[in-house]
Amino acid sequence: MELQLATRSSTEVEAGYSCSCGCKPRLVYERGADNQKHVCCCGTQLVVGKDAKASLEIGEDGFAEVEEFESPWGETLEAAWTTASGEHEHTH
């Protein structure tokens, strides 16, 4: 998965990715907010915030990746995601 980050304002950052199932999830993290989480139709999870990896639910056949980034307001945040092994099948 390739994480895509964009600054929306001086207090908001948008994170997203193109999932192998065909979805293109996006979420917005606002300064001072709780971690933001998105679960794709195939089960892939994306969390953005402080200690984002701790908010993931990692299955037996899954793995987690974490990427740190600097927010527009200078705070170091994490984007963390899980994927299961194997191919995803789009269910929409």
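1. The side chains of Glu75 and Trp73 are joined by a polar contact of 2.7 Å (a pair of N or O atoms within 3.5 Å, one able to donate a hydrogen and the other to accept it, where residues adjacent in sequence count only if both atoms are side-chain atoms). Glu75 itself is found in the loop between strand 6 (62-70) and strand 7 (strands are DSSP E runs of at least two residues and helices H or I runs of at least four, numbered from the N terminus). Leaving aside residues up to four places away in sequence, Glu75 touches Lys50, Phe69 and Glu70, where contact means heavy atoms within 4.5 Å.

2. Some care is needed about the basis of these values, since this is a predicted model in which local features need pLDDT of at least 70 and side-chain atom pairs count only at pLDDT 80 or more, while totals for chains, interfaces and linings use all residues. Residues are numbered from 1 along each chain as its sequence is written, and side-chain values use heavy atoms, with hydrogens and water left out.

3. In overall composition, the protein has seven strands and zero helices, and the pattern read along the sequence is β-β-β-β-β-β-β. Its radius of gyration is 13 Å, which agrees with the value near 12 Å that a compact globule of 92 residues would have (taken over C-alpha atoms, with the globule rule being 2.2 Å times the number of residues to the power 0.38). Along the principal axes, the C-alpha atoms fill a box of roughly 40 × 25 × 20 Å. Of the 92 residues, 35% count as buried (under 20% relative accessible area with a 1.4 Å probe and protein chains only, against over 50% for exposed and partly exposed in between). Among contacts between residues at least 6 apart in sequence, 36% join residues at least 24 apart.

4. Three strands form an open antiparallel sheet in the order 1-2-3, with pairing assigned if DSSP finds at least two bridges between two strands. Strand 1 (4-9) and strand 3 (26-30) are the edge strands, each pairing on one side only. Strand 1 is joined to strand 2 by five bridges, the two running antiparallel, and they form a hairpin with two residues between them. Strand 2 (residues 12-16) also pairs with strand 3 in the antiparallel sense, over five bridges.

5. The register of this sheet can be followed through individual residues, starting with Glu12 in strand 2, which stands opposite Ser9 and, towards strand 3, opposite Glu30. Val13, for its part, stands opposite Tyr29 in strand 3.

6. The loop between strand 2 and strand 3 holds Cys21, and this residue counts as buried because its relative accessibility is 8%. The C-alpha atoms of Cys21 and Glu70, which are 49 residues apart along the chain, are separated by 29 Å.

7. The largest nonpolar core has 17 residues, of which Leu46 and Val48 touch the most other members (a core being a set of buried Ala, Val, Leu, Ile, Met, Phe, Trp, Tyr and Cys residues joined through side-chain atoms within 4.5 Å). Strand 2, strand 3, strand 5 (45-49) and strand 7 (76-84) each supply at least two residues of this core, and the largest share, three residues, comes from strand 7. With residues up to four places away in sequence not counted, Val48 touches Ala15, Leu27, Tyr29, Asn35, Gln36, Phe69, Glu78 and Ala79, a list that includes polar partners such as Asn35 and Gln36.

8. Lys37 lies in strand 4 (residues 36-39) and counts as partly exposed because its relative accessibility is 39%. Its side chain makes a polar contact of 3.1 Å with the side chain of Gln45, and a polar atom of the Lys37 side chain lies 3.3 Å from the backbone oxygen of Ser55. Both partners recur in the wider contact list of Lys37, which, not counting residues up to four places away in sequence, consists of Leu27, Gln45, Leu46, Val47, Ser55 and Glu57. The C-alpha atoms of Lys37 and Leu56, 19 residues apart along the chain, are separated by 8.6 Å.
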